[in-house]
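Please open the model in your viewer, with the backbone drawn as a cartoon and the residue numbers at hand. The stops below are meant to be selected one after another.

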Amino acid sequence: MIKSRAIISDGKGNFKLTEVEVGQPGALEVQVNIKASGICHTDWDSIQNWNKEFIVGHEGAGIVTAIGEGVTKVKVGDKVILNWAIPCGSCFQCLEGNPHICETNSPVCGCDLAGHAHAQACTKNEQPVERSFHLGTMCEYTVIKESAVVKTEVDISFESASIVGCGVMTGWGSVVNAANLKAGSTACIIGCGGVGLNVIQGAKLSGAAKIIAIDINAERIEQAKKFGATHGVIASREDIDFNQVAADVKALNGGRGADYAFECTAIPALGSAPLKLIRSAGTAVQVSGIEQRIDFDCELFEWDKIYINPLYGQCNPERDFPRILSLYQSGKLLLDELVTKTYTLETVAEGFDDMLNGRIAKGVIKVS
């Protein structure tokens, strides 16, 4: 067993740096020395609401340090990016081409711990401890299924690589895979944090003619322009129904709503906002994963509007991670520039505070 420092939460709003024991991988499992872990709003939500003990973190990159029986994808010493939507490859959804909503392993599709490595792979005081989204990346070592890693040979820092496995994939994939944005179109992005910036990058790479960044923070809009936004609209907290924002969007688009609008704030009150901004027969995409009950005015769907709620940018890790890394390698997709600030396991609280107060685009923990 390897003694490993980890951020553990009780799921009731508390977390602390403590020590766990990480064992050897079982069949079709790999042990990874985590080098970097992204800080995500989902991590904070899990700390507040999961009501159970677990190792925090679901965005990560590191080096394979041991492999179990039957592992063929990677070998010891390989650099890997971790993927939390772990496909089984044989369930109904995997066979339908939807590995991101695997019915066997997905932690967000009611599959509980089926995607975990064997229970004794990680323990605290000799008792098994759960890992967030089957990964637990805010820990120096982890043991995960072979299908949860994607090997990378691209020259990229662990910090930049770590964010591919959630924030980048969710934003970029929501445009490229889910919305299938058409070249020459107009896209609105509501919220220009880490995910929103990757929606903007996806829209630019897909050939959008106008990319309208919408945020309450003028500095974030200016930052968005560095990632590909062509226009900016500053929203007011008082404009709850987005009436003024919709008027501003139409003014920028010849009197018509946008072809696409992406909600990236995770604010329940803005769940219907993208419908307000699109034209008839346009597409609204709820990117951020709002799960609360909200009321919709059905007139917002008039006419022929499409509203979709894709998970994780409809990620197929073996297909999409190499595509993202290739775009990074060619200089077309910015990853290094997304990492605003780095932290250590000792300063995780500072990272969460910076994220919650909008001081950073993306924070990353240098784990080991």
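Which helix lies across β13 and β14, and at about what angle does it run to β14? Bearing in mind that this is a predicted model, select residues 218-226, which form helix α6: this helix lies across β13 (210-215) and β14, and its direction is at about 165 degrees to that of β14.

**The parallel sheet**

Keep β13 and β14 in view and extend the selection to the sheet to which they belong, an open sheet of six strands in the order β14-β13-β12-β15-β16-β17, with parallel pairing. Its edge strands are β14 (231-234) and β17 (306-308), each of which pairs on one side only. Averaged over the sheet and with direction ignored, neighbouring strands are turned by 15 degrees against each other.

Now restrict the selection to residues 258-263 and 278-286, which are strands β15 and β16, joined in the parallel sense by five bridges. Within this pair, show the side chains of Phe262 and of Val285 in β16, since these two residues stand opposite each other.

**Helix α4**

From here, select residues 167-179, helix α4, whose buried residues pack against β15, β16 and β17 as well as against α5 (194-205) and α9. Of the 13 residues of α4, 12 are buried, so the helix is largely enclosed by the rest of the structure; among the buried ones are Met169, Trp172, Val175 and Asn177. Look along the helix for Gly173, where α4 bends by about 50 degrees. From its first C-alpha to its last, α4 nevertheless reaches 17 Å, close to the 18 Å expected at 1.5 Å a residue. The residue that follows α4 is Asn180, which has a positive phi, near 50 degrees.

**Helix α9**

Next, select residues 317-329, helix α9, whose end C-alpha atoms are 17 Å apart, in agreement with the 18 Å that its 13 residues should span at 1.5 Å a residue. Colour Pro317, Asp320, Phe321, Ile324, Leu325 and Tyr328, which are buried. Then turn the view so that you look down the axis of α9: the buried residues fall within an arc of 130 degrees, and they therefore line one face of the helix. These buried residues pack against α4 (167-179), already visited, and also against β6 (79-82) and β11 (149-151). Just after α9, stop at Gly331, whose phi is positive, at about 85 degrees.

**The mixed sheet**

For the last part of the tour, select another open sheet, in which six strands follow the order β8-β7-β2-β1-β4-β9 and the pairing is mixed. At its edges stand β8 (127-128) and β9 (130-131), and because each has a single partner strand, one side of each is left without a neighbour in the sheet.

Within this sheet, select residues 2-9 and 15-22, strands β1 and β2, which run antiparallel and are joined by eight bridges. Ser4 has Val20 in β2 as its bridge partner. The hairpin of β1 and β2 has five residues between the strands, and in this hairpin Gly11 takes a positive phi near 70 degrees.

Finally, add residues 122-124, strand β7, which pairs with β2 in the antiparallel sense over two bridges. Here Glu21 stands opposite Thr123 in β7, while Val22 stands opposite Cys122 in β7.

Note on methods: Residues are numbered from 1 along each chain as its sequence is written. This is a predicted model: local features need pLDDT of at least 70, side-chain atom pairs count only at pLDDT 80 or more; totals for chains, interfaces and linings use all residues. Side-chain values use heavy atoms; hydrogens and water are left out. Two strands pair if DSSP finds at least two bridges between them. Helices (H or I, at least four residues) and strands (E, at least two) are DSSP runs, numbered from the N terminus. Axes are lines fitted to C-alpha atoms, for helices over the stretch in contact, and angles run from 0 to 180 degrees between N-to-C directions. Contact means heavy atoms within 4.5 Å. The expected span of a helix is 1.5 Å times one less than its number of residues. Buried means under 20% relative accessible area, exposed over 50%, partly exposed in between (1.4 Å probe, protein chains only). The arc is that of the directions from the helix axis to the C-beta atoms. The bend at a residue is the angle between axes fitted to the seven residues ending there and the seven starting there.
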